[in-house]
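Let's take a walk through this fold together, starting with strand pairing and ending in the nonpolar interior. Keep the viewer open as you read.

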Amino acid sequence: MMVSVRKVTGLVAAVALAAVVVAGCDGDNNPGDGHTHSWGNWSVTTPATCDAPGLEIRYCALDNSHTETKTIAQLPGSSCAAVSTFTDSRDGQTYRAVTIGTQTWMAENLNYDAGDGSVCYDSLASNCDTYGRLYNWATVMGFESKCNSSTCANQVQNPHQGKCPAGWHVPSDAEWTTLTGFVGGLTAGTKLKSTSGWNNRDDGGSGNGTDEFGFSALPGGAGTGGLVIGDFGFAGNLGYWLSATEDDTSSAWNRNMSYNNNIVPMFRHGKILLQSVRCVRDSAAPQ
Ligand SMILES: [Zn+2]
């Protein structure tokens, strides 16, 4: 019996191959070669990554020109969460950031004091520490307040920095869609919500998420806005995140997450509603 291990690495592999042969032939019949393939162990030639599948190969112990290959599945998003930190040079505030698919998002809400139209929930600084600030649309976009009641779509850049730190921008509605699609569509809320901080569901179950991508969404609630800052509500139950995408003169698109379900629906809310903001890092090719 001839056992060639020319292309198989190392003594361990050779021993493993010999063991397979002694144990008897397995694998596919190949009448043309007059033998039953005796496959060695699979060995990885190209590891799978977050961006592409990998490849592995095995050799026939009886003739190592006989090979089989198979693909290794691309790594799941949960393996690709890459958490880092950065500092906003304007105020020295440090933020966590996480790469999810092709995007890098802030992993906590923006907490930059942009003056009128950027407030802490219930006007308590401790809530800014927990949830970041709440912004109306014109304020976070860096526009005049009249843009909350008139169209300013032609001033929206792609990407649009607004009040995000240098090198970051206010996400477009399309960028939100990319995120929620990547993490699982109808269960995106569960995967994006933090593992603590959410109130229980109406049925008594936990309203927290699995946070499997490191996004750590928190229920910062919202506030009524305009010239006078009024009522706040829903902290602990709901989170609202603005997008840079205007809907019409008085509304813009956003995303919501709830203590009571798994989804991340999009809504058109009044631009004056005070909501949370997550910035996205600029890339060479903005989406
Ligand atoms: Zn063979």
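How many bridges join strand S3 to strand S4? In this predicted model, S3 (residues 43-46) and S4 (residues 54-59) run antiparallel and are joined by 3 bridges. To find the register, look for Ser43, which has Ile57 of S4 opposite it. S4 also pairs with strand S5 (residues 67-72), again antiparallel, through 6 bridges. Here Leu55 is a handy marker, as it stands opposite Thr71 in S5.

Now move along the chain to strand S14 (residues 238-248), where you will find Thr245. Is Thr245 buried or exposed? Thr245 counts as buried because it has 21 C-beta neighbours inside 10 Å, and the cut-off for buried is 20 or more. Beyond its neighbours within four places in sequence, Thr245 is in contact with Ser172, Asp173, Ala252 and Trp253. Its C-alpha atom is 9.5 Å from that of Trp137, although 108 residues separate the two along the chain.

From here we can turn to the nonpolar interior. In soluble globular proteins, nonpolar side chains tend to be buried together. The largest nonpolar core holds 49 residues, and those touching the most other members include Trp105, Leu192, Phe215 and Leu242. Among the elements giving two or more residues to this core are S14, strand S15 (251-258), helix H5 (173-183) and helix H6 (188-192). Leaving aside neighbours within four places in sequence, Leu192 is in contact with Val183, Gly209, Phe213, Phe215, Ala217, Met257 and Val264. Another core, of 5 residues, lies apart from the largest one, and its members include Trp39, Tyr59, Cys60 and Leu62.

Methods:
Residues numbered from 1 in each chain as written. Predicted model: local features only at pLDDT ≥ 70, side-chain atom pairs only at ≥ 80, totals over all residues. Pairing = 2+ DSSP bridges. Helix = DSSP H or I, 4+ residues; strand = E, 2+ residues; numbered from the N terminus. Buried ≥ 20, exposed ≤ 12 C-beta atoms within 10 Å, placed from the backbone. Contact = placed C-beta atoms within 7 Å. Core = buried A, V, L, I, M, F, W, Y, C linked by C-beta atoms within 7 Å.
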